[in-house]
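Reader: I would like to go through this model step by step. Please keep the answers short and end each on the thing I asked for.

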Amino acid sequence: MRVLLSLCAALSAAPFAPAADLRVYPPEIRIGGPNRTQQLLVVEEENGRAVRDLTAGARFTPSTDTVKVDAGGLLTANGAGDFKITVAVGEKTATVGGTVSGDKPGDWNFRNHVIPTLTRTGCNAGACHGALAGKGGLKLSLRGYDPETDWFVLTRQALARRVDLTAPADSLTLKKAVRKMPHGGGTRFTEDSPHYKVLLDWIRAGAPGPKADDAHVERLDVFPPAVLVDPKGPKGTFRAIVRAVYSDGAAEDVTRWARFGSAEELVARVSEDGVITPAGSGEAAITVGFGTKVTTLTVTAPFPNDVKAPVFAASPRNNFVDEFVLKKLQLLQIPPSEQCTDAEFIRRAYLDACGILPTPDEVTAFLADADPKKRARLVDTLLDHPAFVDYWSHKWSDLFLVSSRKLPQPAMWAFYRKLRQSVADNQPWDRLARDVLTASGSSLTNGAGNYFVLHKDVSELAETTSIAFLGMSIGCAKCHNHPLEKWTQDQYWAYANLFARVGLKNGDRAGEVLVQSKPDGDALHLRRGTAMPAAPLDGRPLPADSAADRRAYFADWLTAPDNPYFAKALVNRVWRNYMGRGLVEAEDDLRETNPPSNRALFDALAADFVKNRYDVKHLMRVILNSAAYQRSSTPLKENVADDRFYSRYLLRRLPGEVILDAYSDVTGVPTPFDRITSAGGDAITPIATYPAGTRAAQVPDSLATSRFLDAFGRAERVQTCSCERTSDASVSQALHLNNGHTLNDKLRDKNSAVGKWIAAGLTDEQIVDRVFLLALGRNPTTVEKRKFLDILAGAAKEGAQSRREAVEDFVWAVLTGREFLFNH
C-alpha cells in the first residue's frame, strides 16, 4: 500500500504524463504548384506539446506511388491524387493523409518564392542590397516589401545582365551568389541548393514578374505548435516546419524560406533551418516569419526542481488569476512563495494603487483587524481614495503627454482636467478612448481636443494612437514592411489615412485651438504617392465616398468587443503597474513575435475587462485581490530565477514622484513647485501656479522644475513610450540622496517633523517606532531598535543639537535605504 501511494504521489507531481501520443505534422498534407515536397515531422506529444522529435527513427509507408518519402521524412510528389502515409516508431503507428493537385510542377512565383529566397539568403537585408543606397549598384527593397520595383531592377537594369534569359546559368544574380564572380556579399548559396534551383527555374521560365492577382499568404502554421523539454531527460533537438496557407486555398512547406529567431536564447536557440536546441529553463518564443506574416511556437523548459503537486494544490486561489498563474508555475516546476504579511500588504497596496504611504494609524488599525476579508475591504477603500485619482491621473498624463512643452498652459490644464475627471468618475476605458479620438470644438472647453494639438502630423498622430490605445508600435511600416510584425507599408498608410481629415484653427482665446473634422484630405503613401483606402489595422476600409468622420469609424473599430488589441493594451499597462512586469514586456510592445508570458491569463483578463464594460477599477480589483499579487517578495531557492511567471512579488523601485511625496509626508515638509523649465531646457522661470502643499503626483506639467524627479527618471512626455520613464539606478541618484538638497533640506527645516517630535518631548524609542511605521509600515525588529537607540543615546550625551542631528541622520538612513525606496 505504501508503495502504491508513493507511486501515485510521484506521478501526480510529475509535469510529464506517463503516456504520450505519436503525432505526425502537418496533420493534413496539400501539395500543388512548383513546390512538390513536404517535410514530415514525427513527435511524441503530451497535452498538445511535443516532448521528443522522433522523425529520424520513424518508418514511412505511403499507400500509393503518388508520393514517396525518404528516410528523413521528406515527402516528394510523383503524380496527382490522394494518399495516406503510415508512420511507425517502435510499436506505435500513426496515419496522415493528403492530396497532390496537378500532375506537373507549376512555375515559381516571383512574389511568393523568388522574393522569399532573396530574403532568406540575406540579399535584400539592410546590410546588403536592401540598404537605403543599395550595394554595388544594386538596390532592392528592404526584405522585399516592393516586389514590382525589385522585379524591374533585377530584370531590366544593368543591361538586363542580372537575369539572362538566353543563358540562365550565366545570370549575374546566380553567378555572384555562388561566387563564380567576385561578390562583396560572399557566397550566399551553392549550386546544389534549393535556393539556386528556385532562381534558375524562375529565369528559365522567362523570369515572370509579380501579378496583381497573385495569391497572398493568409497565415502561417508552424509545427509542432509547442515544445515541452524534459529537464531530467536526454537533451535533444526539435525541428520546426512551417506551412504557408494562401488566399486561393493552396498550402505549401515554406520552411526553406522561413526566418527563425528566438526571443530567449538562454532558454532555446534556433538555427536558420528551424532546428531548436534547448539551452536552459523557462519559456522561449521561437519566432517564424515568411513574407509579411509571422507566428510563434513556444518552447517550455521546466526548471530542474522536484515540486510536488500538493504544493500547488495548497496555494491560495482567490480568483481566476490564480488558476492561470499556478497552472503555469506547475508546468514550469516553480513553487510559489508564501503570502505576504499584513504589514507588507498594506504598504504595498497603498503605494501601488495610490502612490502614497499608509499612515501609522491606518497600519495599526489594519494589523489589529481580525476580519479575514480585511484585504478585500482595503482594496475597495484604496480604489475610492483621493490619492488614487492623483496617482492614476499622473500615469495617464504620462501616456497622453500632458505638458506645456507643446501646449499653452491653459490647454495643458484643460487636457489634464479631462483625464483627471475620467479617473475620478471611473469612466470606462472605451468611453475615454472615444472621447479623446473624436474630440471636437474648443481645446479649452473640451480638453481631449488637445490630443490633436499635440500631434499635428498625420504619421505622428497615427503612430501615437497605435501605442497609446493598441499597445504596439507600427512606425517601422511607414517606410517599409515591418521587420518584426505582419504590418505592411500599405496597411500603415491605410491606417494613417484615418487621421488625415482633422482640421485645426486658432480660437479667440489665448491658447485655444478649434478641432474639427474636415470633409476632404488624404495621407499619401510614401512610396506610391497615392492615398490608400482609409482602414484600421486588419479592419475593413471605409468606403472612399463616405462622408463619415473617419475618427469615429476608427473609434468604432477600436472599442468593438472583438478588437484583439484594445483591451489587452490597457490590461497589460495596469497589470505591469501592480505586478512589476507586464504579461508582455515592454508594456507597449504587444506583437505576435513578443508573446505574453502567460497567454491564457492574458486572454482571460482581457475577456473579463470587456465583459465588465472596460471598468478599469474592476480590473484593478481583480489583480489586487489575487493571491498572485499578495505573495511575498522573498524568493525561495527554487523560484529565485523567476522574473516573469509571478511566483513571487517582484521588487521594484518606487517612481520618483512617489518617493518625493513620501519624503514630504515623513518629514512634514512639502516640496515647492515654484519654477518651470522652458521646453528647450535653457531657461527656468518662477511661477505661482501650484499652491504650497501640492504633491508631485498632482503636478500635471512635466516641465515643472525638479532636479530630484529628473534624477529619478520621470517621463519627459516627448513621445508616447514606456521607455521614457526609467527605474534604473544611477550615480546621479546616489549623489542626490547623499549630497543633494531635497531630503537634507527637509530634515533640517525648522518646521520638519524631526523638530516637532523633539519639541513635543518624544523619547528616542517613540521616535524610532514612529519613523518605522511612517516610512516602512512596520515596527522595528528588536535588533534594529536596539541599534538605533544606542546611537541616539550616545548622541544625546553631546547635547541637544547633537541629538537632533542624530535623529536627522537616523531618519535619513531609513529614507535612503532599499526597504524604503522599493516596494516589496
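Author: The questions below go from the whole chain to its cores, and then to single residues.

Reader: Is this model predicted or experimental, and how many helices and strands does the protein chain have?

Author: This is a predicted model. In the protein chain, the secondary structure comes to 29 helices and 27 strands.

Reader: What is the radius of gyration of the protein chain, and how does it stand against the globule rule?

Author: The globule rule gives 28 Å for 824 residues. The value for this chain is close to that, so the chain is as compact as a globular protein of that length. Along the principal axes, its C-alpha atoms fill a box of roughly 100 × 85 × 50 Å. The radius of gyration is 32 Å.

Reader: What share of the residues of the protein chain is buried?

Author: A residue counts as buried when its relative accessible area is under 20%. The accessible surface of the chain comes to about 35900 Å², and 53% of it belongs to carbon and sulfur atoms. Of the 824 residues, the buried share is 54%.

Reader: Which domains does the assignment give, and how far apart are the centres of domain 1 and domain 3?

Author: The assignment gives domain 1 (2–104 + 221–301), domain 2 (110–204), domain 3 (428–558) and domain 4 (750–824). Domain 1 is thus written as two segments. Taken over C-alpha atoms, the centres of domain 1 and domain 3 are separated by 43 Å.

Reader: How many residues are in the largest nonpolar core, and which domains does it draw on?

Author: The residues with the most contacts inside this core are W429, F469, Y578, F810, V811 and F820. At least three residues come from each of domain 3 (428–558) and domain 4 (750–824). Apart from it lies another core, of 54 residues, with W108, L200, I203 and I286 among them. The largest core has 155 residues.

Reader: Which residues is F469 in contact with, leaving aside its neighbours within four places in sequence?

Author: F469 is among the residues with the most contacts inside the largest nonpolar core. With neighbours within four places in sequence left aside, its contacts are F400, W429, A433, V436, L437, Y451, L558, Y565, F566 and A569.

Reader: Is helix 20 mostly covered or mostly open, and which of its residues are buried?

Author: Helix 20 spans residues 616–625 and is mostly covered, with eight of its ten residues buried. At its start, a side-chain oxygen of D615 comes to within 3.0 Å of the backbone nitrogen of K617. The buried residues are V616, K617, L619, M620, V622, I623, L624 and N625.

Reader: Is A88 buried or exposed, and which residues does it touch?

Author: A88 lies in strand 9 (residues 81–89). Its relative accessibility is 11%, so A88 counts as buried. N78 is ten residues away from A88 in sequence, and their C-alpha atoms are 22 Å apart in space. Not counting residues up to four places away in sequence, A88 touches G57, A58, R59 and T93.

Reader: Why does H736 count as buried, and what does it touch?

Author: H736 sits in helix 23 (residues 731–739). Its relative accessible area is 16%, so H736 is buried, the cut-off being under 20%. Leaving out residues up to four places away in sequence, it touches R707, F708 and T742.

Reader: Where are P26 and P224, and what is omega for the peptide bonds leading to them?

Author: P26 lies in the loop between strand 1 (21–25) and strand 2 (28–31), and P224 in the loop between strand 11 (217–223) and strand 12 (226–228). Most peptide bonds are trans. The bond from Y25 to P26 is cis, with omega near -5 degrees. The bond from F223 to P224 is cis, with omega near -5 degrees.

Reader: What are the phi values of R143 and L401, and how accessible is each residue?

Author: Most residues other than glycine have a negative phi. R143, in the loop between helix 2 (110–120) and helix 3 (147–156), has a positive phi near 55 degrees, and L401, in the loop between helix 11 (386–399) and helix 12 (409–424), has a positive phi of about 60 degrees. R143 counts as partly exposed at 29% relative accessibility, whereas L401 counts as buried at 4%.

Key. Residues numbered from 1 in each chain as written. Predicted model: local features only at pLDDT ≥ 70, side-chain atom pairs only at ≥ 80, totals over all residues. Heavy atoms only, no water. Core = buried A, V, L, I, M, F, W, Y, C linked by side-chain atoms within 4.5 Å. Buried < 20%, exposed > 50% of the residue type's maximum accessible area, 1.4 Å probe, protein only. Domains from an automatic or database assignment. Contact = heavy atoms within 4.5 Å. Helix = DSSP H or I, 4+ residues; strand = E, 2+ residues; numbered from the N terminus. Rg over C-alpha atoms; globule rule 2.2 N^0.38 Å. Areas by Shrake-Rupley, 256 points an atom, 1.4 Å probe, with all protein chains shown as cover. Polar contact = N/O pair within 3.5 Å; in protein donor to acceptor, adjacent residues only side chain to side chain.
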